[in-house]
Amino acid sequence: MLNKSKEAFKQAKKVIPGGVDSPVRSFSSVGGTPAFISYGKGAYIYDIDGNKYLDFVQSWGPLIFGHCDSEIESEVLKAVKRGLSFGAPTTVETELACEIVDMFDFIDKVRFVSSGTEAVMSAIRLARGVTGKENIIKFDGCYHGHSDSLLVSAGSGMATFGTPSSPGVPKDLIKHTILSEYNNTEKLIECFEKNKNIAAIIIEPIAGNMGLVPASKEFIKLCRELCDKYGALLIFDEVMSGFRASLTGANSFYDEDPDIITFGKVIGGGMPVGAFASRSDIMDQLSPDGPIYQAGTLSGNPVAMSAGLKSLQKLKKDKTIYDRLNQKSKRLTNGLKDMANKHGIDLQVDVRGSMFGFFFNDKKPTNMKEVSKCNFDRFNTFFNYMLKSGYYFACSQYETGFISDAMTNDDIDNCIDRSEKAFALISN
Ligand SMILES: *Cc1c(COP(=O)(O)O)cnc(C)c1O
């Protein structure tokens, strides 16, 4: 069934480390061979063996309209004909920036980069440059890309000091990253009391990289208050939740505004785009107007910008799209939960717009420690059975799932029907 993929994986492994260009694709946590994808259409992807899957991954978030959306495709093709890159300004960058600035009261200016990692890395430098301070606070379980100062995990036993989560990250650098617990107000207050020189808090307000774990309103409020009190900046990393949870991402779920916001994924409509944005007084400190250096040869690439622009225009124009997506997310997760319960299995589900998450656990996790106690064997059984049945879920309980507008209620109902067998397997 995966014969061609198996062979392709073998060949890839000879010349690409682990056979993949981003580790999560390797299926190492669930075992087995990743399907090599040949093409996608609407809600579905097709692998090189000819298997068809309903795609709940959508390139890890960007494809909110599904694969090969005709309007986005046509804008991209037009841009390709004009030239792939110039390294000179194009008007489409301004157009995309205007779309974003229009959506948020607290944003005046945007700078485009080519990935979420780059967006966050640049936002951190900006926050440090603007405040003249060096330390940042990050939360265990939030992912902000693979730049050095953000690859920190909870050190065993230590309350606030993390350890590098990868060889190659200097301890001296990590010293400036203070790790705290998501949704834990006491620990966060303690962080500010114990540490001086804090430039910023960086947070996924709707965390999607430890499964879907939204922050409490109270916690976000405290983040805002502490930043104001201590003269730090609040950075919302909305690389995943931006234009996914709602048109304005976390902003429609919380009352607090961040100082800096980072985007990626949906903002590029499937092309490599990231962005960071803030008020003029902060953004104007970036080069060339200000002293804080940031640059990119392919930043604002016109082909990528055209895909992003069309995506955001479509999202803005369609007044009911997020309601539809939210309803479908709920239909799926409630259906899975009922089916699991029918077989005596506890399943915790949550939804934010087109983002959905589910945990094999008896209570909803609120931080990384609780997520890591969920039942991963059950997840693996579920994942592998569903994959064989043509349902492409994210290959780890630490990932969030996505609904695309191309998915129908029938697609979802069929998936729920099919899940019965998976839950039966688990309960045996
Ligand atoms: C995906 C993601 C990133 C990293 O983006 P890349 O494009 O993979 O570099 C950063 N932050 C969050 C919240 C993400 O989900």
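## Helix crossings

At roughly what angle do the axes of helix H2 and helix H9 cross? In this predicted model, the axes of H2, residues 70-82, and H9, residues 302-317, come within 8 Å and cross at roughly 155 degrees. Since angles over 145 degrees count as roughly antiparallel, H2 and H9 are therefore roughly antiparallel to each other. The crossing of H2 and H9 is right-handed.

A second helix pair is formed by H12, residues 376-388, and H13, residues 409-427, whose axes come within 9 Å and cross at roughly 135 degrees. That angle makes H12 oblique to H13, and the crossing of H12 and H13 is right-handed.

## The four-stranded sheet

Four strands form an open sheet with mixed pairing, in the order S1-S2-S3-S17. Its edges are taken by strand S1, residues 37-41, and strand S17, residues 391-392, each of which pairs on one side only.

Strand S1 and strand S2, the latter spanning residues 44-47, run antiparallel and are joined by four bridges. Within this pairing, Ile37 stands opposite Asp47 of S2, while Gly40 has Ile45 in S2 as its bridge partner. The hairpin of S1 and S2 has two residues between the strands, and in this hairpin Gly42 takes a positive phi near 60 degrees.

## The seven-stranded sheet

A further open sheet, again with mixed pairing, consists of seven strands in the order S4-S14-S13-S12-S9-S5-S8. Strand S4 and strand S8, residues 177-180, stand at its edges with a single partner strand each, so that one side of each is left without a neighbour in the sheet. Averaged over this sheet and with direction ignored, neighbouring strands are turned by 20 degrees against each other.

At the S8 end of the order, strand S5, residues 135-139, and S8 run parallel and are joined by four bridges. Here Phe139 stands opposite Ser180 in S8.

## The second largest pocket

The second largest pocket has a volume of about 320 Å³. Two elements give two or more residues to its lining, namely helix H3, residues 91-103, and strand S4, residues 109-113. Strand S4, which is also an edge strand of the seven-stranded sheet, provides the largest share of the lining, three residues.

By class, the lining comprises five nonpolar, five polar and two charged residues. Among the lining residues are Glu93, Ala97, Val110, Arg111 and Phe112, together with others such as Ser287, Tyr293, Gln294 and Ser299.

## Backbone features in the loops

Most residues other than glycine have a negative phi, and most peptide bonds are trans. Against that background, two loop positions may be set out individually. A cis peptide bond, with omega of about 10 degrees, joins Ser287 and Pro288; Pro288 is placed in the loop between helix H8, residues 280-283, and H9. Ser287 also belongs to the lining of the second largest pocket, and H9 is the helix whose axis crosses that of H2 at roughly 155 degrees.

The other position is Ser59, a residue other than glycine whose phi is positive, near 60 degrees. Ser59 lies in the loop between strand S3, residues 52-55, and H2, and thus this loop follows a strand of the four-stranded sheet, where S3 stands between S2 and S17 in the order.

Key. Residues numbered from 1 in each chain as written. Predicted model: local features only at pLDDT ≥ 70, side-chain atom pairs only at ≥ 80, totals over all residues. Heavy atoms only, no water. Pairing = 2+ DSSP bridges. 1 Å grid on protein atoms, 1.4 Å probe; cavity = no way out; pocket = protein on both sides within 12 Å on 5 of 7 lines; lining within 4 Å. Points joined across faces, edges and corners; volume = space filled by probe spheres on them. Nonpolar A, V, L, I, M, F, W, Y, C, P; charged D, E, K, R; others polar. Axes fitted to C-alpha atoms, helices over the stretch in contact; angles between N-to-C directions. Parallel < 35°, antiparallel > 145°, perpendicular 65-115°, else oblique. Left-handed = near helix turned anticlockwise from the far one by under 90°.
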